[in-house]
Each structure stands twice: as C-alpha cells, then as structure tokens.
Amino acid sequence: QGLSPQLLKLRPESAVAGLAAIESQIASAQVRLDVLRQTMTAQSPAVLRAQAELTALKAQRDQLATSE
C-alpha cells in the first residue's frame, strides 16, 4: 500500500495525514473485531457489523491510496 505519486505531488501533507487517520481507524476496528470474535460467533450481528466497518475502512484507504 502507499500513496499515488500524483496525490503526493498535489497535497503531500493532507494525503499522508488522511492515510494515517484511516490506518489508525483500521487498527481500532481490527481490535474491536478481534475482541468480538473471542466471545461471539462469526454470524453474530455485532461481528458482522464490525467486519463490514473494517472492510469499508480498508476500501476507503485503498481509494485514497490510488486516487489521483
């Protein structure tokens, strides 16, 4: 993963800050999901919501990393 060269040329500070913020959110979402999985089944609504949140954050990160 990384930032596109075009994005870094246009807005280096905001691109790096945005990516860092999303990475932090991903880490928090992963921890929440891991904790839920310790006490709930994979089909639990809370686990499914946490998984969906994590997937959405990763998609957001990937979009930011490849945006031009």
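The following paragraphs lead through a predicted model, from its confidence to its helices, its nonpolar core and its salt bridges.

The protein has an average pLDDT of 85, and 76% of the residues score at least 70. Confidence varies among the elements: helix α3 has the highest mean pLDDT, 94, whereas helix α1, covering residues 5–10, has the lowest, 55. Where pLDDT is low, the predicted coordinates should not be read in detail. The account below therefore turns to helices α2 and α3, of which α3 has the highest mean value among the elements.

Helix α3 runs over residues 45–66, and helix α2 over residues 12–39. The length of α3 can be checked by simple reasoning. At 1.5 Å a residue, its 22 residues should span 32 Å, and the C-alpha atoms at its ends are indeed 32 Å apart, so the expectation and the model agree.

The next matter is how α3 is placed with respect to the protein interior. Its buried residues are A46, V47, A50, L54, L57, R61 and A65. These residues cover an arc of only 100° around the axis, and they therefore lie on the same side of α3. The face turned away from this buried side carries the exposed residues P45, R49, Q63 and T66.

Several of the buried residues of α3 reappear in the nonpolar core. The largest such core consists of eight residues, namely I22, I26, A29, L33, V47, A50, L54 and L57. Helices α2 and α3 are the elements that give two or more residues to this core. A50 offers a local view of the packing: leaving aside residues up to four places away in sequence, A50 touches L33 and L36. The backbone around A50 can also be related to R32, a residue of helix α2. R32 and A50 are 18 residues apart along the chain, yet their C-alpha atoms are separated by 7.2 Å.

Charged side chains provide a further set of links. Side chains of opposite charge can pair when their charged atoms come close. In this model, with a limit of 4 Å between a side-chain nitrogen of Lys or Arg and a carboxyl oxygen of Asp or Glu, the count comes to three salt bridges.

One of them joins R32 and E53, whose closest N and O atoms are 2.7 Å apart. This pair links distant parts of the chain, since R32 belongs to helix α2 and E53 to helix α3, 21 residues away. Both partners are partly exposed: R32 has a relative accessible area of 40%, and E53 has one of 36%.

Another salt bridge brings together the side chains of R61 and E23, at 3.7 Å from N to O. Because R61 lies in helix α3 and E23 in helix α2, the pair ties together parts that are 38 residues apart in sequence. The two partners fall into separate classes of exposure: R61 is buried, with a relative accessible area of 12%, whereas E23 is partly exposed, at 33%.

R61 also forms a salt bridge with D62, in which the closest N and O atoms are 3.2 Å apart. D62 is partly exposed, with a relative accessible area of 31%. Through salt bridges that share partners, E23, R61 and D62 are joined into one network.

Taken together, helices α2 and α3 both contribute to the largest nonpolar core, and they are also linked by the salt bridge of R32 with E53 and by that of R61 with E23.

Key:
Residues are numbered from 1 along each chain as its sequence is written. This is a predicted model: local features need pLDDT of at least 70, side-chain atom pairs count only at pLDDT 80 or more; totals for chains, interfaces and linings use all residues. Side-chain values use heavy atoms; hydrogens and water are left out. Helices (H or I, at least four residues) and strands (E, at least two) are DSSP runs, numbered from the N terminus. Buried means under 20% relative accessible area, exposed over 50%, partly exposed in between (1.4 Å probe, protein chains only). A nonpolar core is a set of buried Ala, Val, Leu, Ile, Met, Phe, Trp, Tyr and Cys residues joined through side-chain atoms within 4.5 Å. Contact means heavy atoms within 4.5 Å. The expected span of a helix is 1.5 Å times one less than its number of residues. The arc is that of the directions from the helix axis to the C-beta atoms. pLDDT is the predictor's confidence in each residue, from 0 to 100.
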